[in-house]
Amino acid sequence: MWVYEKKLEYPVRVSRTDLKMAKYLFAQYGGPDSELSAAVRYLNQRYTIPTNRAKGLLTDIGTEEMAHWEIIATLIYKLTRGVSPEHLEKAGLGAHFTQHDTALFPHDAAGVPWTAAYIQALGDPIADLHEDMAAEQKARATYEHLIRLSDDVGVTDTLRFLREREVVHFQRFGEALNYVHEYMESDKCY
Amino acid sequence: MTRKDMYEHAQDICPYPDEHELMRELMEVQFLVIELHLYLDTHPNDMEALRLYNEAAMFLHRLMQHYQREYGMLMAHTPDGREEWQWIDSPWPWEIDYKKL
C-alpha cells in the first residue's frame with residue numbers, strides 16, 4: 001500500500017507564467033522518458049525481480065518517481081495559472097486547451113498521449129535492470145535539454161534537483177545489477 | 001503567558017519558530033533519509049550508513065511531529081489526538097508558495 005505525504009519532495013519556485021516552458025515540461029509528465037513511465041516501469045517490474053536488494057530498490061525508486069511526477073505537475077500547474085486561451089494558443093497549447101482546458105494530462109511535449117508501449121518488463125533481471133539504467137540516462141538527458149531551455153532560476157533549480165536524482169538512481173540500479181550477476185553466478189550448477 | 005513567554009516556550013520545544021523555516025529543515029532532513037534509504041538497499045551491511053540513517057530518521061520523526069502539532073497535517077494515520085480535521089485544509093502541495101521557504 002501507499003500513504004500520501006501532503007508535501008513535495010523538493011520546492012517548486014516559479015517566478016512568472018511561462019507557457020512555452022510548461023509545454024516542454026510535459027515531456028517529463030507524459031513523455032516516453034517521463035517520471036510517469038519511470039514509476040510504472042519500476043513498480044511493475046519489482047514482482048518478478050529475484051533479489052531482495054532489487055525488490056527494495058524498484059519499490060523505493062518507483063515510489064520516489066511518483067514524488068517527481070508530482071513535482072513536474074506542480075511546475076506545469078504554477079506556470080499556467082490564470083492564462084487566457086489566446087495565450088495558450090500562441091504558446092502552442094491551443095490543442096491542449098481544446099481537450100483539457102488547463103487541466104493536466106499525461107502527454108508529451110508535442111501532445112502525444114502516454115502509452116504503456118514506452119516501458120517494458122521482460123522478466124529477465126539483467127534485461128530489466130539494463131532497461132532501468134537506460135531510462136535514468138534518457139531522463140537525465142531530457143532534464144539537461146529542459147535546463148538549456150529554461151531562463152527562470154526557480155524552474156532551473158528544481159530541474160537540477162530532478163537531474164541529480166536520475167544520476168543517483170542510475171548508480172543504485174548499477175549496484176543492484178552487479179549483485180544480480182553475482183546471485184545468478186552462485187546459482188549455477190556445474 | 002505573555003507573547004514573549006510563548007515565543008520562548010516554542011523555542012524550547014524546537015528552534016524553528018517559523019513555519020517555512022521548519023518546512024525547509026524538514027525537507028532537507030527528509031532528503032537525507034531518502035538518499036540513505038536507497039544507499040542502504042544496495043549496501044545493507046554498511047553499519048556507518050545505517051547509523052546515519054537511524055539518526056536522520058529519528059530527527060525527521062521529531063520534525064514531522066513538531067510541524068504537524070503546530071501547522072497542520074502532513075500525514076494521516078498519526079496518533080496526534082486531533083480536535084479538528086485539517087487534512088483537507090489549503091494549501092495542497094502544488095498550491096504552496098515555495099518562494100517563502
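This report walks through a predicted model of two helical chains, A and B.

Residues are numbered from 1 along each chain as its sequence is written, while chains are lettered from A and ligands numbered from 1 in the order in which they are written. The model is a prediction, in which local features need pLDDT of at least 70, side-chain atom pairs count only at pLDDT 80 or more, and totals for chains, interfaces and linings use all residues.

## Confidence

The model scores ipTM 0.95 and pTM 0.93. For chain B the mean pLDDT (the predictor's confidence in each residue, from 0 to 100) is 87, and 85% of the residues reach 70 or more. Among the elements of chain B, helix 2 (residues 19-42) has the highest mean pLDDT, 97, and helix 1 (residues 3-13) the lowest, 50.

## The two chains side by side

Helices here are DSSP runs of H or I with at least four residues, strands are runs of E with at least two, and both are numbered from the N terminus. A residue is buried if 20 or more other C-beta atoms lie within 10 Å of its own, exposed if 12 or fewer, and partly exposed in between, with C-beta atoms placed from the backbone. Two residues are in contact if those backbone-placed C-beta atoms lie within 7 Å.

| Chain | Helices and strands | Buried share | Contacts at least 24 apart, among those at least 6 apart in sequence |
|---|---|---|---|
| Chain A | 7 helices, 0 strands | 39% of 190 residues | 77% |
| Chain B | 3 helices, 0 strands | 12% of 101 residues | 44% |

Read from the N terminus, chain A runs α-α-α-α-α-α-α, and chain B follows the pattern α-α-α. Taken along the principal axes, the C-alpha atoms of chain A fill a box of roughly 70 × 30 × 30 Å.

## Inside chain A

Helix 6 of chain A (residues 125-149) is a good place to check geometry. The expected span of a helix is 1.5 Å times one less than its number of residues. For the 25 residues of helix 6 that gives 36 Å, which agrees with the 36 Å between its end C-alpha atoms. Its buried residues include A:Leu129, A:Ala135, A:Ala139, A:Tyr143 and A:Leu146, and also A:Asp128, A:Asp132 and A:Glu136. The buried residues of helix 6 pack against helix 1 (19-30), helix 2 (35-45), helix 3 (52-79) and helix 7 (153-186) of chain A.

Helix 2 of chain A is mostly covered, with 9 of its 11 residues buried. Among them are A:Leu36, A:Val40 and A:Tyr42, along with A:Glu35 and A:Arg41. The partners against which the buried residues of helix 2 pack are helix 1, helix 3 and helix 6 of chain A.

What about the segment before helix 1 of chain A? A:Glu9 lies there. This residue is partly exposed, because 19 other C-beta atoms lie within 10 Å. A:Glu9 is 61 residues from A:Glu70 in sequence, yet their C-alpha atoms are 8.8 Å apart in space. Leaving aside neighbours within four places in sequence, A:Glu9 is in contact with A:Ala67 and A:Ile71.

## Cores and the contact between chains

In soluble globular proteins, nonpolar side chains tend to be buried together. A nonpolar core is a set of buried Ala, Val, Leu, Ile, Met, Phe, Trp, Tyr and Cys residues joined through C-beta atoms within 7 Å. The largest such core has 43 residues, and those with the most contacts inside it are A:Leu25, A:Tyr29, A:Leu57, A:Ile72, A:Leu75 and A:Ile76. Helix 1, helix 2, helix 3, helix 6 and helix 7 of chain A each give two or more residues to this core. Helix 3 of chain A gives the most, with 11 residues. Apart from this core lies another, of 5 residues, among them B:Met23, B:Leu26, B:Val29 and B:Tyr67.

Which residues does A:Leu57 touch, leaving aside its neighbours within four places in sequence? Its contacts are A:Arg172, A:Phe173 and A:Ala176, together with B:Leu38, B:Asp41 and B:Thr42.

The contact between the chains takes 24 residues from chain A and 16 from chain B. On the side of chain B that touches chain A, the residues divide into 11 nonpolar, 3 polar and 2 charged. Here Ala, Val, Leu, Ile, Met, Phe, Trp, Tyr, Cys and Pro count as nonpolar, Asp, Glu, Lys and Arg as charged, and the others, Gly among them, as polar.

## An exposed glycine in chain B

B:Gly81 is found in the segment after helix 3 (47-71) of chain B. B:Gly81 is exposed, since 6 other C-beta atoms lie within 10 Å. Its C-alpha atom is separated by 11 Å from that of B:Gln68, 13 residues away along the chain.
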